[in-house]
Amino acid sequence: MTAHPAVRRAVAVGAGVAGGAALGGAVSMGTATYFAHRIITPEHEKKDDSTVVAVAADEGTVTLRATPDTTARGRYGLWLQGGAGHARLGDVLGTEGTGRTATVTRPVLGVDSGELVPGPARWNKYFYCGTPGSALDLDYEDVLVTSDVGDLPTWRVPPPPEADTGDWAILVHGRSAMREETLRALPVLHRLGFTSLVPMYRNDIGAPPSTDGRYSLGLSEWRDVDAAMRFALAHGARRLVLVGWSMGGAIVLQALNRSDVAHRVHRVVLDGPVIDWGSVLAHQAELHLIPRPIDHLARSLMRSRASRHLLRIAEPVDVAATNWVDRADEVSHRIFIIHSATDETVPFGPSQDLARRRPGLVHTFVWPSARHCQEWNTNTSLWEDLVASFLR
């Protein structure tokens, strides 16, 4: 999800506004409004966040400025030339130096487009870029799924004919992410015989916007997943599997609860899901020393019809309605959750709490160490084995 760089910036600004002073009414309202607004506003402009220091073409390596992203274990991508180019990188070979001059060296697994040269770049936790065809050499077609906001561009990836089970998987990416986030799951689903459907949803770049252009944390986006479910069933799906990452998990959970065709869903796989938006907001506020009243006021503003004009939202966003630990009794599907114990963005505690509340129905695998939704990157074979075992 990528909810949370925006949240982090919001709370950082809030800390500067509120700074050790008493929380006066005007300051509290202004800070809470800003905080809430950043949470529900899509981030479409992504800035370069990495620096290529050197490229050793003869050795097949690249040296980057060391950051928490560039030093993370596993395989990742790197956007080049403002997104016009892309390279795929392997695991860390070594690090040098300390502080701001520290660097990390990684193998270059491939350059998909553009030129890998010293200069600014942007980290890509998805590893892959492009389409199922260009990234994975899988047959696919572009289709349109019609939701209440309009036609959603969607990839349809058929399985090998001899392996076709008749079941379809619908893959839902995270907040301010792209469909490329889901490419990592397509190979294992393809081998298992699923037809995969990968839709955009409202407010994605290239998809129809909602009437207000704001996220509702799954409370409206579920309708787009519902539309994808109906598309799959109309085109012959026997059963459905839903797969969601981060806020995509929150969207999936709302769809399971609200869709009239949710009974056709066989199983659900969630990676680093938002089980409770309240815990995510509280976690980010605590990290940045935001007083609890600011967090609570922001939630009140989002759910109040009277304050819709402040946030420029069409529908109230009730954070309490996203708490599936409290709503555990309403969960009725078999769900498998993969969630890292070191997830810096979405705490894994609510995933465990939901499993404890629904034993035998909700299962979790606590990944020992990975950044948010990057479990696959650190051990692809384990991730695929876990998913395949559950779906079989």
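# Exercises on a predicted model

The largest nonpolar core holds 67 residues, and those with the most contacts inside it are Leu 197, Met 229, Leu 240, Leu 256, Trp 277, Met 302 and Ile 335. Helix α5 (residues 222–234) gives the most to this core, with eight residues. Keep in mind that you are looking at a predicted model. Let's work through it together.

## Exercise 1: Around the core

Find the contacts of Ile 335, leaving aside its neighbours within four places in sequence, and then look for another core.

**Solution.**

Step 1. Start from Ile 335, one of the residues with the most contacts inside the largest nonpolar core.

Step 2. Leave aside its neighbours within four places in sequence; Ile 335 is then in contact with Leu 253, Leu 256, Val 268, Leu 270, Leu 361, Val 362, His 363 and Phe 390.

Step 3. Now move to another core, which lies apart from the largest one and has 32 residues, including Val 188, Leu 189, Cys 373 and Trp 376.

Step 4. Here is some background: in soluble globular proteins, nonpolar side chains tend to be buried together.

## Exercise 2: Walking across the sheet

In what order do the eight strands of the open sheet lie?

**Solution.**

Step 1. The order is β8-β9-β11-β10-β12-β13-β14-β15, with mixed pairing. At the edges are β8 and β15 (362–367), each of which pairs on one side only. Neighbouring strands are turned against each other by 20° on average, direction ignored.

Step 2. Begin at β8 (residues 141–147), which pairs with β9 (residues 150–157) in the antiparallel sense over seven bridges. The two form a hairpin with two residues between them. To see one bridge, pick Leu 144 and find its partner Pro 153 in β9.

Step 3. Go on from β9 to β11 (residues 195–199): this pair is antiparallel too, over four bridges. Here Val 157 has Ser 196 in β11 as its bridge partner.

Step 4. Compare this with β10 (residues 168–172) and β12 (residues 240–245), which run parallel and are joined by five bridges. Val 172 stands opposite Gly 244 in β12.

Step 5. Add the helices. α5 packs on the sheet, touching β8, β9, β10, β11, β12 and β13 (265–271), and its direction makes about 120° with that of β8. Helix α6 (residues 247–258) also packs on the sheet, where it touches β10, β12, β13 and β14 (334–340); its direction makes about 145° with that of β12.

## Exercise 3: Two helices that cross

Describe how α7 and α8 cross, and which residues meet.

**Solution.**

Step 1. Two packed helices are described by the angle between their axes and the distance between the axes.

Step 2. The axes of α7 (residues 277–287) and α8 (residues 292–303) come within 10 Å and cross at roughly 145°. The crossing is right-handed.

Step 3. From α7, Gly 278, Leu 281, Ala 282 and Ala 285 meet Asp 295, Arg 299 and Met 302 of α8. Sorted by class, this contact has four nonpolar, one polar and two charged residues.

## Exercise 4: A glycine in a loop

Is Gly 213 buried, partly exposed or exposed?

**Solution.**

Step 1. Locate Gly 213 in the loop between β11 and α5.

Step 2. Its relative accessibility is 22%, so Gly 213 counts as partly exposed; buried would need under 20%.

Step 3. Check its surroundings: leaving aside neighbours within four places in sequence, Gly 213 is in contact with Pro 42 and Asn 203. Gly 213 and Arg 202 are 11 residues apart in sequence and 8.3 Å apart in space, C-alpha to C-alpha.

How values were computed. Residues are numbered from 1 along each chain as its sequence is written. This is a predicted model: local features need pLDDT of at least 70, side-chain atom pairs count only at pLDDT 80 or more; totals for chains, interfaces and linings use all residues. Side-chain values use heavy atoms; hydrogens and water are left out. Two strands pair if DSSP finds at least two bridges between them. Axes are lines fitted to C-alpha atoms, for helices over the stretch in contact, and angles run from 0 to 180 degrees between N-to-C directions. A crossing is left-handed if the near helix is turned anticlockwise from the far one by less than a right angle, and right-handed if clockwise. Contact means heavy atoms within 4.5 Å. Ala, Val, Leu, Ile, Met, Phe, Trp, Tyr, Cys and Pro count as nonpolar, Asp, Glu, Lys and Arg as charged, and the others, Gly among them, as polar. A nonpolar core is a set of buried Ala, Val, Leu, Ile, Met, Phe, Trp, Tyr and Cys residues joined through side-chain atoms within 4.5 Å. Buried means under 20% relative accessible area, exposed over 50%, partly exposed in between (1.4 Å probe, protein chains only).
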